[in-house]
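Thanks for sharing this one with me. I have gone through it and jotted down some points for you to follow along with on screen.

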Amino acid sequence: MTVTVTYNPAVDQTIQFDERMAPDRVMRADEAQFDAGGKGINAAQLLTAMDRPCVATGLLGGFTGSFIRETLQDDGVETAFVDVDGTTRLNTTAIAAAEEYKLNQAGPAVDESVVDSLLEQVRAQSPDRVLVGGSLPPGLTPDAIDRIATGGDWETIVDTGGDVLRELDAQYGLCKPNRAELGDATGADVSTVEGCADAADVFRDRGFDRVLASLGADGAVLVGDAGRLYAEALDIDVVDTVGAGDALLSGVLSAWEAGADDETALRTGVAVSAQVVQRAGTAVPDLDDIDSLRDGVTVRRL
Ligand SMILES: Nc1ncnc2c1ncn2[C@@H]1O[C@H](COP(=O)(O)OP(=O)(O)O)[C@@H](O)[C@H]1O
Ligand SMILES: O=P(O)(O)OC[C@H]1O[C@](O)(COP(=O)(O)O)[C@@H](O)[C@@H]1O
């Protein structure tokens, strides 16, 4: 069973415009979409949709926090959040004439003592693995993630920005940097797939047993004891890439939970992420034919 930890959840607002974004003018959208968001929460929704036992934890506050809790419960996702003062943030994605703008808030300031309460919630679930996803709100340092990794007898997986990734000091089962985060955290040249795999190898020497590097339209690389695998992205019409990394990671974790090997897991992750990027927002897409979609993913050893 997987527990997800989202220290800095978000209500994801997605608004779309036909015309390009421009300053000093009122941009009027016909509609707006609101989804429960934040990297760990996105993963919990996808894992639940793929029938993998999962509990979503993290920090929630204010009316936006209530929206997230109610949305997850309506979606059948088990929750065990810690309530905090302040208001959970609203992250806005504006899609204007096919250009995507991501406007993220920092989130409510919290006291480090909240990590103790969160760890209690995690331990109470007796998880096999814990996925810590997303940024940290003001008041928390990377130690808040290391404390999860050292807080119990579970495997810890982490998906966070390169600046935080670089500071982690515990042992992790997997990290999921995207191309920019891979380059930021290692200083390596990540302009080629081989370069990304080399940079991922550097990460493995820093306490990450496996590295799942997401490369956007170029697909993904999975590096671990079983070797270095590269999967091409599927050729699809992209609407919104927000949530793509969470989808890739969720697909990989879901396949591993079903006993799949690394190649099948990587194929599954690419297939799930392809479904997510074909629609706006971070709500769960149609995952019914993931098995046939993943058979269409090209994978090779590097
Ligand atoms: N333009 C695209 N075409 C097809 N698949 C994509 C595209 N962008 C992202 N994906 C899929 O989503 C995955 C994660 O995308 P990426 O943007 O790297 O993640 P993140 O959201 O973490 O930055 C990719 O590995 C790929 O499988
Ligand atoms: O696009 P990704 O990396 O899969 O993550 C999407 C999620 O990350 C967020 O952009 C938040 O990211 P951060 O936690 O890193 O600030 C959410 O708004 C969104 O739900």
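The points below take the two ligands in turn, then a helix and a few backbone angles.

1. A word on the source before anything else: this is a predicted model. Please read every distance and angle in this note with that in mind.

2. Let us begin with ligand 1. Its shell holds 16 residues, and the closest are Lys176, Ser214, Gly216, Gly219 and Ser273. By class, nine of the shell residues are nonpolar, six are polar and one is charged. Helix 8, which spans residues 244-257, gives the largest share of this shell, with three residues.

3. Which residues make polar contacts with oxygen atoms of ligand 1 through their side chains? Serine 214 does, with a side-chain N or O atom 2.9 Å from a ligand oxygen. Serine 273 also has a polar side-chain atom at 2.9 Å from an oxygen of ligand 1. Glycine 245 contributes through its backbone, where a polar atom is 3.1 Å from an oxygen atom of the ligand. As for overall cover, ligand 1 has 550 Å² of accessible area on its own, and the protein covers 84% of it.

4. Now turn to ligand 2. Here 17 residues form the surroundings, and Asp12, Asn42, Arg89, Ser135 and Gly243 are the closest. The shell divides into ten polar, five charged and two nonpolar residues. Helix 1 (39-49), strand 7 (89-96) and helix 8 each provide at least two of the shell residues. The largest share, three residues, is from helix 8.

5. It is worth displaying the backbone around ligand 2. A polar backbone atom of serine 135 is 2.9 Å from an oxygen atom of the ligand. For glycine 243, a backbone N or O atom is likewise 2.9 Å from a ligand 2 oxygen. Glycine 245 has a backbone N or O atom 3.1 Å from an oxygen of ligand 2. The protein buries 85% of the 470 Å² that ligand 2 exposes when taken alone.

6. Where do the two ligands sit? Ligand 1 is in the largest pocket, and the space taken by ligand 2 is the largest pocket as well. Glycine 245 is a good residue to centre on, since its backbone has a polar contact with an oxygen of ligand 1 and with an oxygen of ligand 2.

7. Helix 1 deserves a look of its own. It is mostly covered, with nine of its eleven residues buried. The buried residues are Gly40, Ile41, Asn42, Ala43, Ala44, Gln45, Leu46, Leu47 and Thr48. Asn42 in this list is also one of the closest residues to ligand 2. Just after the helix, aspartate 51 takes a positive phi of about 60 degrees.

8. Two more backbone angles are worth checking. Aspartate 24 has a positive phi of about 55 degrees although it is not a glycine. Its place is in the loop between strand 2 (10-17) and strand 3 (32-37). Is aspartate 24 buried or exposed? Aspartate 24 counts as exposed, because its relative accessibility is 84%, and the cut-off for exposed is over 50%.

9. Serine 126 is the other, with a positive phi near 45 degrees in a residue other than glycine. Serine 126 lies in the loop between helix 3 (114-124) and strand 9 (129-133). With 59% relative accessibility, serine 126 counts as exposed.

Definitions and conventions
Residues numbered from 1 in each chain as written. Chains lettered and ligands numbered in written order. Predicted model: local features only at pLDDT ≥ 70, side-chain atom pairs only at ≥ 80, totals over all residues. Heavy atoms only, no water. Near = heavy atom within 4 Å. Polar contact = N/O pair within 3.5 Å; in protein donor to acceptor, adjacent residues only side chain to side chain. Areas by Shrake-Rupley, 256 points an atom, 1.4 Å probe, with all protein chains shown as cover. 1 Å grid on protein atoms, 1.4 Å probe; cavity = no way out; pocket = protein on both sides within 12 Å on 5 of 7 lines; lining within 4 Å. Sits in = over half its atoms within 2 Å of the grid points. Helix = DSSP H or I, 4+ residues; strand = E, 2+ residues; numbered from the N terminus. Nonpolar A, V, L, I, M, F, W, Y, C, P; charged D, E, K, R; others polar. Buried < 20%, exposed > 50% of the residue type's maximum accessible area, 1.4 Å probe, protein only.
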